[in-house]
Amino acid sequence: MALRIHRMETTVSTNLDAHAGAHGDVYVAEFQTAGRGRLDHRWLAPRGENLMFSAVFDVAGLEPGEIATFPLVVGLAVIGALNPLVSSGGLALKWPNDILSGGRKLAGILCERADDKVIAGIGINVNQTVFASEIASRATSLALLNGKSHDRELILAQVLESLYVRHAQWRQVGFAALLPEFAAIDHLAGKTVSVLQTDTDPTPVTGLCGGIQGDGTLLVGDTRIYAGEAHLTAGF
């Protein structure tokens, strides 16, 4: 399909910009002054080194429960596009929104519902090689993984193609049909995890992770978690 790419040098947030868009609109910025991750965490990235963009997808006619699975489909699509670019392969999805390589964060996803559309905000560490001290031990980039710089425009095109193909597939067959593919990329399955369901959750859910379920939830012990932030109990 023909996408409409909107480019900005600086913006507050590409997700905010994307609220004005429709299916197939993509908003790309070199720098965000107030980029966000899940639970209102800030997404910080230097100008001109990484990819920061938001893509708009149609979800009209779908039930809320099915729409809630789409962020995981976005993760599956991003991994599908990036895995061939990583010499070691084996990228993993840390439910619900982080793409990891060797336990370090390579990309993050923030999906927001807006009427009959979902805005998928995506940040990918491409050519950044120096990170702030507070995240340096937990972050990585394609440049660090491969020891070379990458063409960001080419990567953007590959990721967008993967995203819209997966969106069409998801709309046609549903999330449950894609579930077997998550077994190979599920970072948390089979490990002991602790999940904060809100940013101020005083009692996280802790237990053995049964992995991503057919409704997009994360099974921890006997509890299905619908939203939150998960960590391995032995450290991230």
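Two strands are counted as paired if DSSP finds at least two bridges between them. With that criterion in hand, this report describes a predicted model, whose chain has a mean pLDDT of 91, with 93% of its residues reaching 70 or more. Among the elements of the chain, helix H5 (residues 152-173) has the highest mean pLDDT, 98, and strand E12 (residues 229-232) the lowest, 90.

**The five-strand sheet**

An open sheet of five strands follows the order E11-E10-E9-E8-E12, and its pairing is antiparallel. Strand E11 (223-225) and E12 stand at the edges with a single partner strand each, so one side of each is left without a neighbour in the sheet. From one strand to the next, the twist of this sheet averages 45°. Strand E8 (residues 192-196) pairs with strand E9 (residues 205-212) in the antiparallel sense over four bridges; within this pair, Val193 stands opposite Gly207 in E9, and Thr192 stands opposite Leu208 in E9. E8 also pairs with E12, again in the antiparallel sense and over four bridges, and here Ser194 faces His231 in E12.

**The seven-strand sheet**

Seven strands form an open sheet in the order E1-E2-E3-E7-E6-E5-E4, and the pairing in this sheet is mixed. Its edge strands are strand E1 (4-11) and strand E4 (92-94), each of which pairs on one side only. The twist averages 20° from one strand to the next. Helix H3 packs on the sheet, touching strand E3 (51-58), E4, strand E5 (98-101), E6 and E7, and the direction of H3 makes about 140° with that of E6.

The table gives the pairings within this sheet for which a bridge count and a residue pair are available.

| Strand pair | Sense | Bridges | Residues opposite each other |
|---|---|---|---|
| E1 and E2 | parallel | seven | Arg7 and Val28 |
| E2 and E3 | antiparallel | three | Val26 and Ala55 |
| E6 and E7 | antiparallel | eight | Glu112 and Ile119 |

Strand E2 (residues 25-32) takes part in the parallel pairing with E1 and in the antiparallel pairing with E3. Six of the eight residues of E2 are buried, so this strand is largely enclosed by the rest of the structure.

**Nonpolar cores**

In soluble globular proteins, nonpolar side chains tend to be buried together. In this model, the largest nonpolar core holds 54 residues, of which Phe53, Leu163 and Leu218 touch the most other members. Helix H3 (residues 70-82) contributes the largest share of this core, ten residues. Apart from that core lies another, of five residues, among them Ala18, Tyr27, Ala114 and Ile119.

Which residues does Phe53 touch, leaving aside those up to four places away in sequence? Its contacts include Val26, Tyr27 and Val28, together with Ala120, Gly121, Ile122 and Ile124. Phe53 also touches Thr14, as well as Leu156, Val159, Leu160 and Leu163. One of these contacts, Leu163, is itself named with Phe53 among the core residues that touch the most other members, while another, Tyr27, belongs to the core of five residues.

**Loops and local geometry**

Three loop residues deserve separate description. Asn127 is found in the loop between strand E7 (117-124) and helix H4 (142-146). The side chain of Asn127 reaches the backbone nitrogen of His150 at 2.7 Å. Not counting residues up to four places away in sequence, Asn127 touches Glu49 and Asn50, and also Ala143, Lys148, Ser149, His150 and Arg152.

Pro96 is found in the loop between E4 and E5, and the peptide bond that leads from Trp95 to Pro96 is cis, with omega near 0°.

Asp115 is found in the loop between E6 and E7, the two strands that are joined by eight bridges. Although Asp115 is not a glycine, it has a positive phi of about 60°. Is Asp115 buried or exposed? The relative accessible area of Asp115 is 66%, and, because exposed means over 50% relative accessible area, Asp115 counts as exposed.

How values were computed:
Residues are numbered from 1 along each chain as its sequence is written. This is a predicted model: local features need pLDDT of at least 70, side-chain atom pairs count only at pLDDT 80 or more; totals for chains, interfaces and linings use all residues. Side-chain values use heavy atoms; hydrogens and water are left out. pLDDT is the predictor's confidence in each residue, from 0 to 100. A polar contact is a pair of N or O atoms within 3.5 Å; within protein, one must be able to donate a hydrogen and the other to accept it, and residues adjacent in sequence count only if both atoms are side-chain atoms. Contact means heavy atoms within 4.5 Å. A nonpolar core is a set of buried Ala, Val, Leu, Ile, Met, Phe, Trp, Tyr and Cys residues joined through side-chain atoms within 4.5 Å. Buried means under 20% relative accessible area, exposed over 50%, partly exposed in between (1.4 Å probe, protein chains only). Axes are lines fitted to C-alpha atoms, for helices over the stretch in contact, and angles run from 0 to 180 degrees between N-to-C directions.
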